[in-house]
Amino acid sequence: MTRADRRRQLLDLSWSVVREDGADALTLGRLAEVAGVTKPVVYDHFSTRAGLVVAMFEEYDAEQSAALDAAVAEVGDGGPVDTARAIAVSYVDCVVRHGRELAGVAAALEGSTELADYKRRADQAYADQCRRILAPHTRNGVVSTPAMVGLLGAADAVSAAAADGALTVQEAYDEVSAVVVSVVERA
């Protein structure tokens, strides 16, 4: 197996372990056991559990960012309502697709300063991406930091509720869209 293929396998298995047994069960030793390889093979790809968890979140982040770009490109020069819907659908779908394992990985990122710093940087990059997308739809071309914090906090909570089945996906789309439109209208 090539190095890239092995890394892909290990990441896929990591998501499976978190999905089935929770984030606390994910250790490099457990991953080696599930993959049917020796610990040094896993350590060669991820020298620490923190490194593995960051790699998992990087993968999620890249997927979420690409989904956002694709959804916004699809609506093209649509107005603020279409753009808000594109943001909502891409965000909710990504969270729902990863289900409860995403929450476990995100919680694991809060466990150390290194991981928390990575999560903050990743969240900031996504917020900046949304800001650039929304700016043309605002009166002054700016979406404030408090507004972005509120928007992403609401999107996280609503999407998590959809992933848990407390809301339908359609309800989540509608609510996150409404929050985005509200942010744009206030800016």
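A residue counts as buried when its relative accessible area is under 20%. In this predicted model, that cut-off applies to Cys-130, which at 1% relative accessibility counts as buried. The protein chain has 8 helices and 0 strands, and the points below move from the chain as a whole to its cysteines and then to its aromatic rings.

**Overall build**

- Read from the N terminus on, the elements of the protein chain follow the order α-α-α-α-α-α-α-α, in keeping with a count of 8 helices and 0 strands.
- Taken along the principal axes, the box filled by the C-alpha atoms of the protein chain is roughly 55 × 30 × 30 Å.
- Of the 187 residues in the protein chain, 45% are buried.
- Among the contacts in the protein chain with a separation of 6 or more, 69% are between residues 24 or more positions apart.

**Surface and charge**

- The protein chain has an accessible surface of about 9200 Å², and carbon and sulfur atoms account for 54% of that surface.
- The protein chain carries 18 positive and 28 negative charges, and the mean positions of these two sets are 5 Å apart.

**Cysteines**

- The count of disulfides comes to 0, under a rule that asks for a pair of cysteine sulfur atoms within 2.5 Å.
- For Cys-94, the closest cysteine sulfur is the one in Cys-130, and because the distance to it is 12 Å, the two are too far apart for a bond.
- Seen from the other side, Cys-130 is likewise in no disulfide, since the nearest cysteine sulfur, that of Cys-94, is 12 Å away.
- Cys-94 has a relative accessibility of 0% and therefore counts as buried, and Cys-130, at 1%, also counts as buried.

**Aromatic rings**

- A pair of aromatic rings is described by two values, the distance of the centres and the angle of the planes.
- A search of the whole structure finds 3 aromatic pairs, one of which is formed by Phe-57 and Tyr-118.
- The ring centres of Phe-57 and Tyr-118 are 6.2 Å apart and their planes stand at 85 degrees, so this pair is edge-to-face.
- This pair links distant parts of the chain, because Phe-57 lies in helix H4 (residues 49–75) while Tyr-118 lies in helix H6 (residues 113–134), 61 residues apart.
- Phe-57 counts as buried because its relative accessibility is 3%, and Tyr-118 counts as buried at 12% relative accessibility.
- Phe-57 and Tyr-118 also belong, together with Tyr-60, to one aromatic cluster.

Conventions
Residues numbered from 1 in each chain as written. Predicted model: local features only at pLDDT ≥ 70, side-chain atom pairs only at ≥ 80, totals over all residues. Heavy atoms only, no water. Helix = DSSP H or I, 4+ residues; strand = E, 2+ residues; numbered from the N terminus. Buried < 20%, exposed > 50% of the residue type's maximum accessible area, 1.4 Å probe, protein only. Contact = heavy atoms within 4.5 Å. Areas by Shrake-Rupley, 256 points an atom, 1.4 Å probe, with all protein chains shown as cover. Lys, Arg positive; Asp, Glu negative; His and termini not counted. Charge placed at Lys NZ, Arg CZ, Asp CG, Glu CD. Phe/Tyr/Trp six-rings, centres within 6.5 Å; stacked < 30°, edge-to-face > 60°.
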